[in-house]
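Good morning, everyone, and thank you for making time for this. I would like to walk you slowly through one set of aromatic rings, so please have the structure open in front of you.

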Amino acid sequence: MTIERTLSIIKPNAVEDGHIGDIMACFEREGLKIAAIRLTQLSKEKAEGFYIEHKERPFFGSLVNFMTSSPVVLMVLEGKDAVNRNRKIMGATNPAEAEEGSLRKLYARSLEANAVHGSDSLQSAEREISYFFEKGDIYS
């Protein structure tokens, strides 16, 4: 298995609720290395660009408003099978369907405020990482 990189976002609700350290520790316990990290407040334009594939969906405006409501933590996670491992650690998008012990089961408030985002494929990971980070920002 090759080393992969994936994007992870700790969403506003988890930042506000003080779960940054718990979430980062979970990734590290599960063998994913944090190769880049940034605490930032997303602008409306940056959030809209990131979620552009959802522009025509009814939840787009609400999602952008939520993601710009307070700071987020952007991370590049690195490790063997990082994309799939991160998705398992996060749990199902809907926290009501997430496995016990998953990040979304532990820290989500709702479907929208589901605590974390993770890339859904290697192609998405490449695009998402380069959207937020320059190559020089990432350390292996």
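What follows is a short tour of the aromatic rings and their surroundings. Please keep in mind throughout that this is a predicted model.

Let me begin with the count, which is that the structure holds 4 aromatic pairs. One of them joins Phe50 and Tyr131, whose rings are 5.9 Å apart centre to centre, with 45° between the planes, and this pair is tilted. Phe50 belongs to helix H3, residues 44–50, while Tyr131 belongs to helix H7, residues 122–132, so the pair ties together parts that are 81 residues apart in sequence.

Now, are these two rings buried or exposed? Phe50 is buried, at a relative accessible area of 3%, because anything under 20% counts as buried, whereas Tyr131, at 28%, is partly exposed.

Staying with Tyr131, we find that this residue also pairs with Phe132, and here the arrangement is edge-to-face, with 5.0 Å centre to centre and 90° between the planes. Phe132 itself counts as buried, with a relative accessibility of 8%.

Which residue lies over the face of Tyr131? That is Lys46, placed at 4.2 Å from the ring centre.

To put the rings together, Phe50, Tyr51, Tyr131 and Phe132 form one aromatic cluster, and within that cluster I have described the tilted pair of Phe50 and Tyr131 and the edge-to-face pair of Tyr131 and Phe132.

Conventions. Residues are numbered from 1 along each chain as its sequence is written. This is a predicted model: local features need pLDDT of at least 70, side-chain atom pairs count only at pLDDT 80 or more; totals for chains, interfaces and linings use all residues. Side-chain values use heavy atoms; hydrogens and water are left out. Rings of Phe, Tyr and Trp (its six-membered ring) pair if their centres lie within 6.5 Å; planes under 30 degrees apart count as stacked, over 60 as edge-to-face and the rest as tilted. Helices (H or I, at least four residues) and strands (E, at least two) are DSSP runs, numbered from the N terminus. Buried means under 20% relative accessible area, exposed over 50%, partly exposed in between (1.4 Å probe, protein chains only). A charge sits over a ring if NZ of Lys or CZ of Arg is within 6 Å of the ring centre and within 35 degrees of the ring normal.
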